[in-house]
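User: I am new to this one and would like to understand the words used to describe it. Could you take me through them?

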Amino acid sequence: MKGYFLTRILSLVPVLLIVSVFVFFLIHLTPGDPASVILGPQATPEEVEQLREQMGLNLPLYQQFFEWFTGILRGDLGWSISQNKSVINAFFEHLGPTLSLAVLAQGISIVLAIPMGIIAAKKRGTKIDQSVMVVAMLGLAIPSFLLGLLLMQLFGIKLQWLPVAGYEPLSSGLWEHLKHMIMPAMALGVIQTAVIVRMTRSSMLDVLSTNYIKTAYAKGLKERIIYYKHALRNASIAIITVLGETFGSLIAGAVVTETVFNLPGIGQLVMNSILRRDYEVIQGTILLAVVSYLAVNLVVDMLYGVIDPRVRMSRKG
Amino acid sequence: MGVNVPIENRDILQTKTQLKKERFRLFVRRFLNNRLALIGSSIMIFLLLFVSFSLLFMNSSPLEIDPANRLHAPSSEHWFGTDTFGRDLFSRVVHGGFVSLAVGFSATIITAIIGMIIGLYASYYKFLDHILMRICDGLLAFPDVLLAIAITAVLGPRPINVVIAITVVKIPTMARIVRSSALVIKEQTYIEALKAQGASSWRTLWMHIAPNTLSPYIVQITNVFASAIILEAGLSFLGAGVPAPEPSWGNILYDGKVVIFNAWWMTFFPGVFIVLSVLGLNLFGDGLRDLLDPHTNKANK
């Protein structure tokens, strides 16, 4: 078990290396000089040269990369020039809304999708099954930002049940926080829901046709116990895989959804940094987003062992 | 008895063409019986015809500004209403549709070609496999919109750069799908036989392995097209995609967000078109998967 996790963690090293090389060169091969962009058109060549020296832009590229990379290993992702604070601080200041949004969206999708998927599998081929699948198909076709705009129009403007946009941190009360988060989380959660419904349904159907479920029926177990205890546990491996894999698109979707609702999250940080050409922030933020995505997938891998004894046993050997 | 063409050979040729025709007819029948593929392709054909006919027969320009008629609700004169500058929204949605579909389509084609090349060669040469798949792992670790935003931010918001961004984001999955089916085929006896006969690697790869990877490949192409449309809309919505005043479904939505309090039509109409095209492509892809792959067909029934 320990050996497995160790190799799993070690296998992330080349991925992270490639990601950091990619992020670094993507930003540094940009046409245009960051120093002259930051200083504006009025700056004298001497000033630009001084800033270039200060930012280390005159060093050869591989040396710049080496300095940046050793910085990362020390936990130093660079300095945000536009905000005058370290990139790590800027990232964590904006993490709250994004994290809250992603967790709420994931929560909504799990609560909605798993029962819907199970019911669809149970009533397979009926009107109920078909309508669940049609809804899921529609959910997959609506981009989260579009759904966000439509929800905003309905609940924010027409019915005026919820604030149209804006953000209240958790510290100003749970209800205040939720009031602002519910629409964005719905918008983001619907696609997730659609994906999980389809996955739940198909893996439940797979499991329900196996022999041990027939045995369970034969020995007279209650249907509820068969579905929720025996079938769901086996189907959940596929479902959890999807949860982990879609976490990346959840973060990405959150970035776009945030800008719809003016939430001061990671998305806003990235977009503002792009406008101000604050490249160190873009680099650092993307790198941290990738790291958190890889970390979630690592956790998902570890969860397999907890849920499925077969995985646990085979990894011991 | 004729001397030049032996009768047995002619029969075989005839039967062959006959069989080909029959197989095609069977495919058409199965296609028509497959509701998903049928609905999906009808939606796509409807959209294409709608956009191209409107482009041909429309007289209002998507860029013509008419400040006197700002933000008019849909009427018989302006079917979809007018936007903040009094431009005709119908014309903008149609032109934007052309731009969005063209960007999505070109990104899909490039992704398909490069993905096929990478996937095939990675499956065939162990050495390349290690390098290419590690790069794919790296690219797959990026949240897709974030990577696309970073690329367009660096290259500048232009349609061609949106195509590049979508391509970079979508190639890894494409390559992986081709690679995984090519790996299975590579182990088949007939590939071994080809090698024994001295077939070149180019011939083995492109004439014998590639055609057998086609069914998952084609299904993936429809998926890539659908997500390319969503990505383009997202990027343009964020201002990192197709730049104003050129319309695209995404940047019309961006304009719509600004006036969301008093102009519902600005978000509604482009939205409907995005949903329709993605829905059509998804349905078409699902239907094709059932048609091309007998295994999933059984699983779904």
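Analyst: Happily; what follows goes through some terms and the values behind them, and please keep in mind that the model is predicted.

User: Let's begin with chain A as a whole. What is chain A made of, and how many of its residues are buried?

Analyst: Chain A has 15 helices and two strands. Of its 317 residues, 34% count as buried. Along the principal axes, its C-alpha atoms fill a box of roughly 85 × 60 × 35 Å. Among contacts in chain A between residues at least 6 apart in sequence, 71% join residues at least 24 apart.

User: Why is Leu188(A) called buried?

Analyst: A residue is buried if 20 or more other C-beta atoms lie within 10 Å of its own. Leu188(A) has 29 such neighbours inside 10 Å, so it counts as buried. This residue is found in helix α9 of chain A. Leaving aside neighbours within four places in sequence, Leu188(A) is in contact with Leu101(A), Ala105(A), Ser144(A), Leu250(A), Gly253(A), Ala254(A) and Thr257(A).

User: How do you know whether Gln160(A) is buried or exposed?

Analyst: The cut-off for exposed is 12 or fewer C-beta atoms within 10 Å. Gln160(A) has 9, so it is exposed. You will find Gln160(A) in the loop between α8 and α9 of chain A. Its phi is near 55 degrees, a positive value in a residue other than glycine.

User: And what makes Asn262(A) partly exposed?

Analyst: Partly exposed covers what falls between the two cut-offs, 20 or more for buried and 12 or fewer for exposed. Asn262(A) has 15 other C-beta atoms within 10 Å, so it is partly exposed. Asn262(A) sits in the loop between α12 and α13 of chain A, and it has a positive phi of about 50 degrees although it is not a glycine.

User: How do you know whether helix α7 of chain B lies in the open?

Analyst: By counting its buried residues. Of the nine residues of this helix (residues 189-197), the number buried is zero, so it lies largely in the open. Just after α7(B) comes Gly198(B), with a positive phi of about 90 degrees.

User: What makes the length of helix α4 of chain B agree with what is expected?

Analyst: The expected span is 1.5 Å times one less than the number of residues. For the 15 residues of α4(B) (residues 126-140) that should give 21 Å, and the end C-alpha atoms are 21 Å apart, so the two agree.

User: Which residues of α4(B) are buried, and what covers them?

Analyst: The buried ones in α4(B) are Leu132(B), Ile135(B), Cys136(B), Gly138(B), Leu139(B) and Leu140(B). Their cover includes α2 of chain A, together with α3 (89-124) and α6 (159-186) of chain B.

User: How do the two chains meet?

Analyst: Through contacts between 38 residues of chain A and 34 residues of chain B. On the chain A side, α12(A) gives the most, with eight residues. By class, that side has 33 nonpolar, five polar and no charged residues.

User: Why is the largest nonpolar core said to lie between the domains of chain A?

Analyst: The largest nonpolar core has 150 residues, and those with the most contacts inside it are Leu146(B), Ala148(B) and Ile149(B). Helix α9 (residues 174-208) of chain A gives the largest share, 15 residues. Domain 1 (2-87) and domain 2 (94-316) of chain A both give residues to this core, so it lies between them. As for Ile149(B), not counting residues up to four places away in sequence, it touches Val270(A), Leu235(B), Leu238(B) and Ala240(B).

User: What can you tell me about how those two domains touch?

Analyst: The C-alpha centres of domain 1 and domain 2 of chain A lie 33 Å apart. The contact takes 21 residues from domain 1 of chain A and 18 residues from domain 2 of chain A. On the domain 1 side, α2(A) supplies the largest share, seven residues. The residues of that side divide into 16 nonpolar, four polar and one charged.

Key: Residues numbered from 1 in each chain as written. Chains lettered and ligands numbered in written order. Predicted model: local features only at pLDDT ≥ 70, side-chain atom pairs only at ≥ 80, totals over all residues. Helix = DSSP H or I, 4+ residues; strand = E, 2+ residues; numbered from the N terminus. Contact = placed C-beta atoms within 7 Å. Nonpolar A, V, L, I, M, F, W, Y, C, P; charged D, E, K, R; others polar. Core = buried A, V, L, I, M, F, W, Y, C linked by C-beta atoms within 7 Å. Domains from an automatic or database assignment.
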